[in-house]
Structures are given as structure tokens and as C-alpha cells.
Amino acid sequence: MAAELHVELVAADRSVWSGEATLVVARTTSGDIGVMPGHQPLLGVLESGPVTIRTSEGGTVVAAVHGGFISFADNKLSLLAEIAELADEIDVQRAERALERAKAEENASAERRAEVRLRAVAGH
């Protein structure tokens, strides 16, 4: 059996995903980071971006994450997000409309959120 780490992806309003994984890739204020079993303890600030989780069963879970914190110790990874959506939950047409609206209104933060959602779906 491959080494595993326990992952908890939690948004402000719900638990989004929990399970065993072999690799998690997330974007932090210091850049992209990959966390595998045995990684050094860490605490960081999450940037808006896709989070990719390679599950122990060989599958991949992708989520759009908008801000929050990442913490790793004792092979337990916590992703505490302000907003998090699994790629399967994202309505692509709605995200595309939101992107168009944000561009027209020159709303950079709304544009970034829509782009992250669409990247998460594309990465899934």
C-alpha cells in the first residue's frame, strides 16, 4: 500500500471533501505547493485557484478554492477555504456568464472567481 495522508477540504459553510490521498496540489501566497505523505509541517495562506487531490484509489478530485488556509502536520492536511466547490458541482454555463459579466463590469475579483471555477472544471 502506498503512503497516504488524510485530507479535509472544508469551506466556511460545509465539509467539501474528506479522505485519503497520495498528493495534494494547491496555490498559496508563496506559490504552488505539492504535499505528499511525510511532508514537512506547514501553515500557509491559500490563494484563489484549483486544488487537485490524487486519491489513494487512483482517482482525482479537483475543487475551485477561493482564499483560506492550508495546514499540514502528522500526515493530516487541512484546507480551510472561504469558498470551495468541487468541479462536479460547478455549472459551466453559469460560470461563463459570470466571467462575461465581470469583464463587462471590470470587476477583477469576480472575474478571478469565475476563471478559477472554469479552470477547476477543465482540470477535472
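The exercises below work through one helix pair and three residues of a predicted model.

Residues are numbered from 1 along each chain as its sequence is written, and side-chain values use heavy atoms, with hydrogens and water left out. Because the model is predicted, local features need pLDDT of at least 70 and side-chain atom pairs count only at pLDDT 80 or more, while totals for chains, interfaces and linings use all residues.

**Exercise 1.** Determine how helix 1 and helix 2 pack.

Step 1. Helix 1 covers residues 92-105 and helix 2 covers residues 108-123, where helices are DSSP runs of H or I with at least four residues and strands are runs of E with at least two, numbered from the N terminus.

Step 2. The two helices pack at an angle of about 150°, and their axes lie 8 Å apart. This makes helix 1 roughly antiparallel to helix 2, a term for angles over 145 degrees, on a scale from 0 to 180 degrees between N-to-C directions.

Step 3. On the side of helix 1, V92, A95, E96, A98, L99, A102 and K103 meet A110, E111, A114, E115, R117, L118 and V121 of helix 2, contact being heavy atoms within 4.5 Å. By class, this contact has nine nonpolar, no polar and five charged residues.

**Exercise 2.** Find which residue shares a side-chain polar contact with E85, and state whether E85 is buried or exposed.

Step 1. E85 has its place in strand 7, residues 76-86.

Step 2. With a relative accessible area of 18%, E85 is buried, since buried means under 20%, exposed over 50% and partly exposed in between, with a 1.4 Å probe and protein chains only.

Step 3. The side chains of E85 and R117 are joined by a polar contact of 2.5 Å, that is, a pair of N or O atoms within 3.5 Å, one able to donate a hydrogen and the other to accept it. R117 is also one of the helix 2 residues that meet helix 1.

**Exercise 3.** Describe the surroundings of T28 and of R54.

Step 1. T28, in strand 2 (residues 14-28), is buried, with a relative accessible area of 9%. A polar atom of its side chain lies 2.7 Å from the backbone oxygen of G31. Beyond neighbours within four places in sequence, the contacts of T28 are I33, V45, L46, E47 and I70.

Step 2. R54, in strand 5 (residues 49-55), is partly exposed, with a relative accessible area of 39%. Its side chain makes a polar contact of 2.8 Å with the side chain of T60.

Conventions
Angles under 35 degrees count as roughly parallel, over 145 as roughly antiparallel, 65 to 115 as roughly perpendicular and the rest as oblique. Ala, Val, Leu, Ile, Met, Phe, Trp, Tyr, Cys and Pro count as nonpolar, Asp, Glu, Lys and Arg as charged, and the others, Gly among them, as polar.
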